[in-house]
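Please open the model in a viewer and keep the sequence panel visible. The stops below are given in the order in which they may be selected.

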Amino acid sequence: MDLYISEEHLETLYEEFGRGNDNYILLIEEMSELAKALTKRIRYPGKGEITDSIIEEMAHVYICLEAVARLEGITEDDIQFEIYKKENR
């Protein structure tokens, strides 16, 4: 996926949550909300609004992943390398 999150949005996130543990907690919360939306998809197939919720929660997770990656100094190349290793096991 080639998605873009503006620097301004990330800075707003850091201003609101700081540059510490709250970002990790936020990521965990957003992943939990995505898991809940996915569970609803399984329980209630065919409901369009659930798909909208999945998309929204995926976006939230992606934003938080990017924020945490930057805090940890993790690059796209680092992640791509791990994907490559997993694909070639």
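The tour goes from the whole chain to its helices, its core, its salt bridges and a surface patch.

**Before selecting anything**

This is a predicted model, in which local features need pLDDT of at least 70, side-chain atom pairs count only at pLDDT 80 or more, and totals for chains, interfaces and linings use all residues. Residues are numbered from 1 along each chain as its sequence is written, and side-chain values use heavy atoms, with hydrogens and water left out.

**The whole chain**

Display the chain as a cartoon: four helices and zero strands appear, in the order α-α-α-α along the sequence. Helices (H or I, at least four residues) and strands (E, at least two) are DSSP runs, numbered from the N terminus. The C-alpha trace spans about 40 × 40 × 20 Å along its principal axes.

Next, show the surface. The accessible surface comes to about 6,900 Å², and 56% of this area belongs to carbon and sulfur atoms. Accessible areas come from the Shrake-Rupley method with a 1.4 Å probe; for residues, only the protein chains shown count as cover. Of the 89 residues, 21% count as buried; buried means under 20% relative accessible area, exposed over 50%, and partly exposed in between (1.4 Å probe, protein chains only).

Contacts are worth displaying as well, a contact being heavy atoms within 4.5 Å. Among contacts with a separation of 6 or more, 67% are accounted for by residues 24 or more positions apart.

**Helix α3**

Select residues 48-72, which form helix α3. Its 25 residues should span 36 Å at 1.5 Å a residue, and the end C-alpha atoms are 36 Å apart, which agrees; the expected span is 1.5 Å times one less than the number of residues. The buried residues of α3 include Ile-50, Ile-54, Val-61 and Cys-64, and the buried residues of this helix pack against α1 and α2. Just after α3 comes Gly-73, whose phi is positive, near 75°.

**Helix α2**

Which residues of α2 are buried? Select Asn-23, Leu-26, Leu-27, Glu-30, Leu-34 and Ala-37. The cover over these buried residues includes α1 and α3. The 23 residues of α2 should span 33 Å at 1.5 Å a residue, and its end C-alpha atoms are 33 Å apart, in agreement.

Now centre on Asn-23, which lies in helix α2. Asn-23 is buried, with a relative accessible area of 2%. Not counting residues up to four places away in sequence, Asn-23 touches Leu-13, Tyr-14, Phe-17, Gly-18, Ala-67, Val-68 and Leu-71.

**The nonpolar core**

Select Leu-10, Leu-27, Ile-54 and Ala-67, the residues with the most contacts inside the largest nonpolar core, which has 14 residues. The elements that give two or more residues to this core are α1, α2 and α3, and α3 gives the most, with six residues. A nonpolar core is a set of buried Ala, Val, Leu, Ile, Met, Phe, Trp, Tyr and Cys residues joined through side-chain atoms within 4.5 Å. With residues up to four places away in sequence left out, Leu-10 touches Ile-5, Ile-63, Glu-66, Ala-67 and Arg-70.

**Glu-66 and the salt bridges**

Move to Glu-66, in helix α3. Apart from neighbours within four places in sequence, Glu-66 is in contact with Ile-5, Leu-10 and Tyr-14. The C-alpha atoms of Glu-66 and Ile-5 are separated by 8.1 Å, although these residues are 61 residues apart along the chain.

A salt bridge is a side-chain nitrogen of Lys or Arg within 4 Å of a carboxyl oxygen of Asp or Glu; by this rule there are four. Three of the pairs may be selected as follows:

- Glu-66 and Arg-70: the closest N and O atoms are 2.8 Å apart. The two residues are four residues apart in helix α3, and therefore separated by about one helical turn.
- Arg-19 and Glu-11: the N to O distance is 3.0 Å. Glu-11 is partly exposed, with a relative accessible area of 33%.
- Glu-82 and Lys-85: the closest N and O atoms are 3.1 Å apart. Both residues lie in helix α4 (residues 76-87), three residues apart.

Add Glu-7 to the selection: Glu-7, Glu-66 and Arg-70 are linked in a network of salt bridges.

**The surface patch**

Finally, select Met-1, Leu-3 and Met-58, which make a nonpolar surface patch of about 360 Å². Patches are made of residues with over 30% relative accessible area and no salt bridge: like charges are joined within 9 Å, nonpolar side chains (Val, Leu, Ile, Met, Phe, Trp, Tyr) within 5 Å. Met-1 is found in the segment before α1 (7-17) and is exposed, with a relative accessible area of 83%.
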